[in-house]
Amino acid sequence: NLRYGLHSELWSLNGNHFSAIEGVPTDGGSPAMYRVVTVEQELSIVVAMRAYLDGVELTPNEEDEWGLWRRLELDLRPANSHELLIYAAVFSANDFQKGSDSEIQQSVAMQQTEVACCSYVDDLCGTGFEALQADSRAAWDTIWDDCDLQIAGDDKAQTLLRYNLYH
């Protein structure tokens with residue numbers, strides 16, 4: 001069984017990360033979408049994702065006490081190789097809300113967030129894994145070029161320093 005999705009009891013250093021999580025009904029052509037509210041700042045977030053196994057999109061849905069999932073039962077053989085690709089995006093309603101806390105403004109911001117998040121996932125799928133991986137590597141190279149500190153002669157300290165710069 002292959003299960004992917006959002007775990008409702010995701011923890012951070014401050015405790016349970018989500019106060020609410022719900023699946024959003026979508027038509028058959030849309031990415032799986034979830035609405036999430038964070039505990040600490042009550043931030044509204046939308047997560048959208050599509051998953052493909054050997055080029056075929058996975059679509060079954062399931063919900064249980066641990067979260068919202070997509071599940072697929074697979075009969076994989078050791079001699080065969082398979083490719084699993086999951087494209088996902090996370091957008092915040094803060095990306096669209098412009099300084100007003102009115103219910104109408106919040107509702108509009110959430111609708112814009114959902115549309116933008118799904119559209120972005122579709123764009124990712126159209127771009128393809130290899131191009132996204134190359135873009136990601138280039139972006140991380142730029143980050144490391146701008147913030148890397150090097151400790152000559154102490155590989156362990158260098159590794160620990162980079163680990164902490166990342167986090």
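**Exercises: aromatic pairs and cores**

The count of aromatic pairs comes to two (Phe, Tyr or six-membered Trp rings with centres within 6.5 Å). This is a predicted model: local features need pLDDT of at least 70, side-chain atom pairs count only at pLDDT 80 or more, and totals for chains, interfaces and linings use all residues. Residues are numbered from 1 along each chain as its sequence is written, and side-chain values use heavy atoms, without hydrogens and water.

**Exercise 1.** Classify the ring pair of Tyr52 and Tyr87 and place it in the chain.

*Solution.*
- Take the geometry. The ring centres lie 6.1 Å apart and the planes stand at 75 degrees.
- Apply the cut-offs. Planes under 30 degrees apart are stacked, over 60 edge-to-face, the rest tilted. The Tyr52–Tyr87 pair is therefore edge-to-face.
- Locate the partners. Tyr52 sits in strand β6 (residues 44-53) and Tyr87 in strand β10 (residues 84-92), 35 residues apart. Strands here are DSSP E runs of at least two residues; helices are H or I runs of at least four.
- Check burial. Both Tyr52 and Tyr87 are buried, meaning under 20% relative accessible area with a 1.4 Å probe, protein chains only.

**Exercise 2.** Describe the largest nonpolar core.

*Solution.*
- Define it. A nonpolar core joins buried Ala, Val, Leu, Ile, Met, Phe, Trp, Tyr and Cys residues through side-chain atoms within 4.5 Å.
- Find the hubs. Among its 16 residues, Tyr87, Cys117 and Val121 touch the most other members.
- Assign elements. β6, β10 and α1 (103-127) each supply at least two residues. α1 gives the most, six.
- Separate the rest. Another core, of 13 residues, lies apart, including Tyr4 and Phe18.

How values were computed
Buried < 20%, exposed > 50% of the residue type's maximum accessible area, 1.4 Å probe, protein only.
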